[in-house]
Structures are given as structure tokens and as C-alpha cells.
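Okay, thanks everyone. I'd like to take a few minutes on how two chains meet, so have a look at this one.

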Amino acid sequence: MNLKFKRSWLILLSFVLMLGILAACSGGSDNTSTEGEKENEEKETGPQMGGTVVGAMDTAPSGSFNPIFYEEAYEANIIEFVYEGLVSQNNSLEFVPNLAKEWKYNEDHSEITFTLEENVKWHDGEPFTAHDVVFTYKTMSDPDYIEAGGVRASEYASRLLGYKEYSEGQTDEFQGVVAEDDHTVTFKFAEPNVIALSDASFSIIPEHIFKDIPVADIPAAPESREPGKVIGTGPFKFTEMVQGEQYVLEKNADYWQGEPYLDSVVWKVVDQAVILGLLENGEIDFVADPNGFQAADYEAVAAMQNVEIIEQPDFGYQIMGMMHNHRAAGDMTLDPSKWTVNENLKDPRVRQAIAYAIDRQAIIDGLLYGRGIVQNSPIATQFWAYDDQNPPAYEHDQDKANQLLDEAGYVDVDGDGFREDPNGEKWVLNLNYPLGNQIRERSAPIIEEFLEEVGINIDLRQPKEAAAYFEDLEKNSQDWDLYLVGWSLSSGDPSPEGLWGSKDFYNYSRWNNPEADKLLAEAVKPPEAFEQDYRKEIYSKWQVEFGEDLPALILYAANSLWAHNSRMKGIDVLPYQFHNNPHLWYVTE
Amino acid sequence: MFQYIIRRILVFIPMLFVLTVIVFALMQAAPGDAFTGRIDPTVDPEVYEQRREALGLNDPIHIQYWNWIKGAVVGDFGESLIYKGRAVSDLIAERFSNTLNLGVMTLIITIVVSIPIGIYSARHPYTPLDYGATAFGFFGLATPNFFFGLVAIYIFSIKLGWLPAHGTVSKPGIDGFELFFDKIRHLILPSITLGLAGTASYMRYMRSEVLDVLGSDYIRTARAKGMTENTVLYKHTLRNALIPIITLLGFEVGVLLGGAVITESVFQFPGLGTLFITSIGNRDYPVIMAINLMLGFFVLLGNLLADIFYSIVDPRIRYD
């Protein structure tokens, strides 16, 4: 009797629990009937003033809101509303006026002079002048800048005239950027500079706020971190925050390009798993940079009637690197003459066979639900420099892969199903990959399978977390063959230098191809390189070289998937980011 | 008693010292440092090398330890390597109040729910309510935190809209009573989520302890003397049944104050747990060391508190 009773109680209880969950699940469906009426009301009314939009990001910013010291995309989400640069980029990635209304080069392109907008004010009412521009670049060139934690100097300031001397403390005179008068500023470069506009595009910080703070103390200063004290020229002011949770940007009514429509933009930090629910119930208006939403959730988001999706290619890609050479243990220099050739991948036919053997479209379809693209060279496809015609495309072709491996002498002599090397020795390629990107983690065993299908014996190694993985890749990769890594690129200039030159630190494949190096140098060599068509041609040759020599196979570029509530209007995204002219955003209702 | 407490606290010092040595050595043995995971093609790697040098990360381990400990003994835990230019003590202080609120709330829920139900179950074993409690116990222990948290958010925040889904306050700039109640509202879901497993297990412990004590000879004697059932229960049974629970709660204090990684991240509740995990991923040594030291201290403190409570509930236990 007792036992029977016990059971019936359990059944009853689980029944009650289930009912509760069912009731909760069905709660959401009854608001669909009103949808039609809403749409009718929403006639073209044009922009209206007022309202607040709420953005979501899945990780809290570390809290540095100074453009010259921040490092994370989460911090950029706030900084980009507050600060502006002299020039910005448009939809086709051309540089267009921003704080500077026009510019002209000197004869040999070693100087560029900007005329600044005159009615621009900082959030505290002080006028914006050429001295602020000088101050910004001077601070980035300061001897203490790097020790204080700044990482932007190499990308933006290092080509300025006298950068080396000033940053090493040999002189107190900063020559690189000069204010001609309050609204004219000249950038002087050590050599004619092909990417002068990219160099000059950095966000400007106010001199009157920071001039009395020693550079070493700027990162920790309230002026770099606290709402109300962070002062920019942008359309929104950073006014309030709850550290790690919420960041409030209020409109700058005196904005020089016109008063923003919205009263405020609020960033909330919400777990990835919860964002979509809140997007659907309207508590969140948009989710975009840096992570957007997952490809797996695409259908669910597309089904939300109040939400619109923006999908476009990203500026990053995942690669499978192929070690051409190995750097000796303990060698921290970048001297190709000291490297040893990786015998396992020495034959270019082997590398090409590997490229043919991997069905990249299948990886995109399977892991990214088709929300990504195959690309054949390591230049972002949005750039004018990307060549989709000439470099080899390596469409999936097992026969071709087998044929190339046979030709190269890699055949299975002992009948174990795996090929041996031309000397008949056992031939095993190891594949290494880091943790931290789920799609990439899941792609590794799939790649292993593709390669084993053409008889390449793969040793899939245990993945490691990023800090450990990259230490190994930099120092202990003497026996590595294949490795996975993801790169995200800057939208400023398409030059692949930094990643693929033989002397580049991040050239982890230790690819040493003099012809390719020569092309990289030619592509930025003045004066020819001031012609975009010339650069385009050189980069095309380089991309062919890359594709044939294969220091890496570009696996896929996942699309950015962003979503916003339909009540948000005036959104005009850029190829590389969601926020663009947020002063033109408005809401209906 | 007072002397006993002082003695116990003095013993903390060598224990914590050994803890710091072990943790520091382990951290150095782990591959990578604060900058190896930061690979950005737009940043010259030389920059990171310069910062390593400036921060002393290239120094021999004993020198690094000496630099750390000499600051730590005077309460200076240095600056975070990741949160640029921020003192470790600031970072922890900022998060600790959130963790403390969550911990206290969780403890309150755990105690208030589990002990009465446990007692009730023991007094009325094999009744429908006892079975209900047992079922709840299994449910609580078997449900993973993150899953319960997500379901709770789905039902109570997204569908019903009763409670907030994330954070510790709804907007900046509120104060007084409004802030207090707002914070409580934000604590409800996370603390229930965090306390679920604890509540379930304490309830089970309490039930079996009380049942155990109720069956013992001295309880029979007490009843034979004609004491009322309430006196028997609250005066004689409860005190004895609580001793093992107090031991467990002592540990629980240490654990709760260390932060709760999973619950914190589901609710984006900025507490010590997430700070700890991010710091480990980033090899942010100064922060890891400081949190470890704190955790060690709280575990020891929790144990000390448990010992003190023993002597309060059980007159047979005396320290001197």
C-alpha cells in the first residue's frame, strides 16, 4: 500500500510540473493576432525625435573607454558612439570626410594636410581643434605609451616622421603631426605613404582633458573610464553605467552633424543564451557587434515577426595553416635562413591535394548552416583587392587529390589504407587546433575525415585553450604540420602584410616565398602604388602565388548575423560594423 | 573561547602562505601568459614583449613571487594585467558586494526552505508531503544549474515578465529603497538557481538527522518524562541534528563567497566567479592570486565559524 501510494504521488507531481512548463511555453503565442493591425498603423511617418534603443552584448567590456588604450570589441561598442576620427569609411570602404572636411597630399605623398570642420565641440563645450589631433598622435608616439598598455602605435603612428626617435625618447620634438592653424593639420610621414588616410583615421581624444595627465596614468584615469568624464565629439555622450551590466549613452544635442533623433542608446550585457528571448519580447532592440547571433539560430530569428536580420560577410576567416618551415626551439628571431623545411609538407602537390580533399562548402553548410562563404585568398572579399578569378579555387575533388598524391609518390605500400611517403616510410600529419570557437572545434574532426578519405593519416591532437595553444604555436611547433587559427582583419587597408610576409611574426606557417615577399613590397611602393589599379594587379599576382604555394587553406569566412527590432529605423550598416551614423537612427512608436 | 579564536586565526597565516606558494607555482607551470592569447595582426608583437618586460613577467619565478608577496602582506595586490591600470583590490571590491549579496540571499533561501521541510518530513515520514519533498530533493539535485537558470529566465522573465533576466539593477542612477528592492528583485532568480541543489541536499540531510535523533534513547527518555512534543523537538532533537548541517554550511560559506561561475554567467551577474574564470583564461596572475587568497581565507573562516557554532548548539563542545 505504501509503495503504491509513493508512486502515484510521484506521477502526480511530475504531471503538475509538466503542466506548468507547458503553460509557460504556450504563453507567447497569443500576441500574433495584433501583428497585422500594428503594421497598418506604421505608415511612412519619417524620422521622429525621442526614444531609446537597447543593444545587447554577451560579454562585459573590461572598462577602458579611451580610444588609444582600449583593446576589445566590447569596449569599441561604446567608444564608437562617443569618439570620431578625421576620416571614416563608407560602404565601399573608401575614406570619406568626418571631422576633416577635405584633404590634399603633397607631391610625393609624404605629407597630407587636412582641413577640419570648424563648428565641432567636445561634449564639455570646448572647441575641437587641430591641436587635439596633434595631441592624440603625440600621445600614441610617447615613450611611455606602450608600457602603459597601448597597442595602437604600430598600426597608426609608426609611419610618422620622427616616430622612432620620439618614441624612444631621443628627442622631445614631435614632428609627425603639425597644426598649421586651429583648423588645419598636416601629417608628415617618414616615407611617401600609400595608406596615409588609414593612418589618419584614428579617433581623436581631447587635449584639454588629458594634457595634464602623465601618459602612464591615462589608462587608469577616470577620464578614460567613467561615465560623464569620458569626453568625445560623437553623437552620443557616455553618461551612466552599472559596471559590467549596463552602459548608457545619451544624445549630444549639440552634435555638429545635427541633433540625434534618439534620446539614448543603452547597452546591456546579456548571456548569449538569453539574448534571443529578450529580442523577441522587445526588451532588447538590437544585437550586432561583435558576435551577433549564432547561425544555428537563424531560422528562429527569421521567424520572429518583430525582428529584422542583417547578414553580410565578415572581415575575418578561419584557416588551416600548413607548416612550410619550422623555426628551431628557442629561436625567437624571424630569420628565414635559420628555418628547417617541414619534410612532411614539402611537396606543393601534397598541399594542393590537401586543399582538393577538403570539402569546404560542406563544412559551411553543415556547421554554419550555409551562413558563410568559401574564399580563395586571405584578403577580405569586400575589398577591391580581392581576386575571385585568378587564384586556384580548389573545389572539392577527391580524384584530383588522389591523383596529385600518387604523382608526388605518396602511395599506400603496406596496404593499411594510409599512404606512405615516397621513401616508403610511415607518413602521418598532425592537426592542431585551439579551444574557444565552437564551430572551429567541430570542424577539426571533419577535416581529419576528409583527409583520411584520400589516404592521408592524420593525428588529430588534443585541443588546447588559447593561451597555451599560441604559446606552443610560437615556440614549440617544431613538429607541427597542420594547425587551425582564425584571423579577423582590419577594414582600413587590404594589405596582407603582417600575416603572410616571410618575416612577419604571425606567419606561423613560416612561409618563405621570395616572389610573394617581393610582390607584397611592390604593392605598397610609391609612387606606383598610389594607383589603386596598380596595387590591385600586384595583389592579384600575390593571391595566385599564395593559392599555388598554399601556406594555408582558407577554410571559410562566417557571415556576420545581426538582428534588430523593426521599430528601429535609419540603420545603415557598414561592411565592417553595425553602427554607422547613429544620430540618424530613430524609432517608430 | 576568545583565545581559541585568536589561536585559530593565527594558524590561518602559515596555511595561507603555503596556499599562495602552491598556486603561484602552478600558475607559472601552466603554459602561456597574459599576452600569448592576444594575437592581433594589427598589433606589433614587439609591443607585448615590451609589456612583459615592463611587468616583470620575464623575471625568474622566485623574484616574481617575492615582488608579489611583498606587496600582498601590506594589502597591495598590484594591478591587473588585463583590466588596464586597475588595482586588483578595486576589481575585487567591485565584484565582491554582488557576490556577497548573492551568497547571503542564497544562504537565506537554503536555510529557510530546507530546514523546516526537513523537520516536517522527519516528523511525518512516509506522508504525501514527505514524498513530495523527496521528489523535490531528487529534482533539485539532478537539475544542472545552467539549465534551471535558463528555464527560469524563459518562464519568469521572457514569458511572464515578472522578474529581470540579467544584471543586478535595472538602471543606473536609482537609490534608497528603490535600489534596495530593485536589487532584491534581481537576486531572486539567481539565488534560487544557485541555492537549488543546496536546498535539496540540506533538506535530505535534515530529514535523516532528525529521524535519527528522534529514534535515540534520550529522546525516548525526554518523552517519558512527559515533555511536550515541541520541547522534545526544538530543544533536544534540533540542537543535535544541526551539528552535521553546520559543518556543511561552514563549507558552503566559503564556496558561496567564492562566486558561482555558471549561475553568474547565465544571469550576467558580475560577481567574483566570472572574474576568476576570465582571469584564469587570460593568465591575469595578480587577480588570480588575490582571489585565491580570498577563497582560502573564506574556507578557513567558514570552518572556524562552524566550530564556534558547534559550541553554541551543543553544550558538550567547549573550547579553551
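I'll start with the ground rules and then go through the interface and a couple of helical spans.

This is a predicted model, so local features need pLDDT of at least 70 and side-chain atom pairs count only at pLDDT 80 or more, while totals for chains, interfaces and linings use all residues. Residues are numbered from 1 along each chain as its sequence is written, chains are lettered from A in the order written, and side-chain values use heavy atoms, without hydrogens or water.

Now, the interface. Taking contact as heavy atoms within 4.5 Å, 57 residues of chain A touch 50 residues of chain B. The buried area, meaning accessible area (1.4 Å probe) lost on putting the two together, summed over both, is about 4800 Å², with 62% from carbon and sulfur atoms. On the chain A side, A:Ile146, A:Glu245 and A:Tyr506 lose the most, together 12% of what that side buries.

How many salt bridges are there between chain A and chain B? Just 1, if you count a Lys or Arg side-chain nitrogen within 4 Å of an Asp or Glu carboxyl oxygen. B:Arg283 pairs with A:Glu465, closest N and O atoms 2.5 Å apart.

Over to chain B. An unreviewed UniProt entry lists transmembrane regions there, including 134-156 and 287-310; such annotations may be inferred rather than shown by experiment. With helices as DSSP runs (H or I, at least four residues), residues 134-156 of chain B are 91% helix, end C-alpha atoms 25 Å apart. Residues 287-310 of chain B are 100% helix, with 35 Å between the end C-alpha atoms.

Terms used. Helix = DSSP H or I, 4+ residues; strand = E, 2+ residues; numbered from the N terminus.
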